Amino acid sequence: MFDTHCHLNFKVFSNNLDQVIKESADYGVRYFMIPGTDEQTSRQAVQISLKYKNAYCSVGLHPHHIYNLVQKNIGIAEADVIGFITELSEFDSVKAIGEIGFDKHLYKKTKYQDYKVTEKFLVYQKVLFERQLRLSLQLSKSLIIHCREAEEDLLEALASLWDKKLEKQIVFHCCPASKDLLDFAIEHRVFIGVDGDVTYDPRKQAFIKKVPLDLLVIETDSPFITPEPVRSQVRFPNTPANLIHIAKICAYLKDIKLEKLIEITTENGLTLFNIN
Ligand SMILES: [Zn+2]
Ligand SMILES: [Zn+2]
């Protein structure tokens, strides 16, 4: 299997990464994509991708972390994402820019004080999304897109910047059950990432039934979104070892054999991130 989105670069894994990766391999995870969310976690993701076999990573600035720039009053022109992304993109294990995107969710638990989704913050999200998308085209890297409660903003930005080179090079990771996103994905050949919530959320289950198999990839979003049946016992942290539960329910929903589902989604992950 290919866990196309697992934050093994987050602090919770810093003391037991060897064990987490070994256990995940025992449960059939062969490839890992570790997404960066800001400069620090991007650098950490690169380090891990250099150390472990079949571990790949993305580098970029997540919309949630763009808040840092807003709060520090850093002007949008000076907000430097191009520097660290370009530098880290030199590594062959860096397969994508991400995660980037739009997020209007009002997070309650966050490291930022007085987190608010202001007009200014939304402008920063849009400008930095566009800047990072253009960079992915320049550097020939894929794109990991995060979207929460902001489907319209995302689709508007994507439509205005669309380039045929982006076909099969983007994933809507942890894709919300949105008809508009799915329609766009089908028309433009964008992959849809499905997570552990598909094991307990009927809306996600109905949504995944509609996603074409040739656009489906599976991901744990570790350490978050632990799937059932594990979730009832241990909620945090989720690990890639739990990917099998997502594969199983997807096979059931798509009415195909588990081995087939695994074969197709693994192949899709390799295509998405240009791994051969
Ligand atoms: Zn995300
Ligand atoms: Zn993520």
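Here is a short conversation about the strands and helices of this predicted model.

User: What makes strand S2 largely enclosed by the rest of the structure?

Analyst: Burial is the reason. A residue counts as buried if 20 or more other C-beta atoms lie within 10 Å of its own. In S2, residues 31-35, 4 of the 5 residues are buried, so the strand is largely enclosed.

User: And why is strand S4 called mostly covered?

Analyst: Happy to apply the burial test again: in S4, residues 94-103, 10 of the 10 residues are buried.

User: How do you know which strands pair with S2?

Analyst: Pairing needs at least two bridges between the strands. S1, residues 2-3, is joined to S2 by 2 bridges, so the pair qualifies. Those two strands run parallel, and Phe-2 stands opposite Tyr-31 of S2. S3, residues 55-59, pairs with S2 over 4 bridges, also in the parallel sense. There, Phe-32 has Ala-55 as its bridge partner.

User: What makes S4 a partner of both S3 and S5?

Analyst: Bridge counts once more. S3 and S4 run parallel and share 3 bridges, with Cys-57 partnered by Val-94 in S4. S4 and S5 (residues 142-148) also run parallel, joined by 6 bridges. One place to look is Asp-103, which stands opposite Arg-148 in S5. With a minimum of two bridges, both pairs therefore count.

User: What is the hand of the crossover from S4 to S5?

Analyst: The chain goes from S4 through H5 to S5, and that β-α-β crossover is right-handed. A crossover earns this name if the path from the first strand over the helix to the second runs clockwise, with the strands pointing away from the viewer. S1, helix H1 (residues 17-26) and S2 also make a right-handed unit. So do S2, helix H2 (residues 39-51) and S3.

User: How do you know that helices H3 and H5 meet?

Analyst: The axes of H3 (residues 63-71) and H5 (residues 119-139) come within 9 Å and cross at roughly 120°. From H3, the contact uses Pro-63, Ile-66, Tyr-67, Leu-69 and Val-70. From H5, Lys-120, Phe-121, Tyr-124, Gln-125 and Leu-128 take part. Residues count as being in contact if their C-beta atoms lie within 7 Å.

User: What kinds of residues make up the contact of H3 with H5?

Analyst: They divide into 8 nonpolar, 1 polar and 1 charged. Lys counts as charged, and Lys-120 is one of the H5 residues in the contact.

User: Is the crossing of H3 and H5 left-handed or right-handed?

Analyst: H3 passes H5 in a right-handed crossing.

Terms used:
Residues are numbered from 1 along each chain as its sequence is written. Chains are lettered from A and ligands numbered from 1 in the order in which they are written. This is a predicted model: local features need pLDDT of at least 70, side-chain atom pairs count only at pLDDT 80 or more; totals for chains, interfaces and linings use all residues. Axes are lines fitted to C-alpha atoms, for helices over the stretch in contact, and angles run from 0 to 180 degrees between N-to-C directions. A crossing is left-handed if the near helix is turned anticlockwise from the far one by less than a right angle, and right-handed if clockwise. Two residues are in contact if their C-beta atoms, placed from the backbone, lie within 7 Å. A residue is buried if 20 or more other C-beta atoms lie within 10 Å of its own, exposed if 12 or fewer, and partly exposed in between; C-beta atoms are placed from the backbone.
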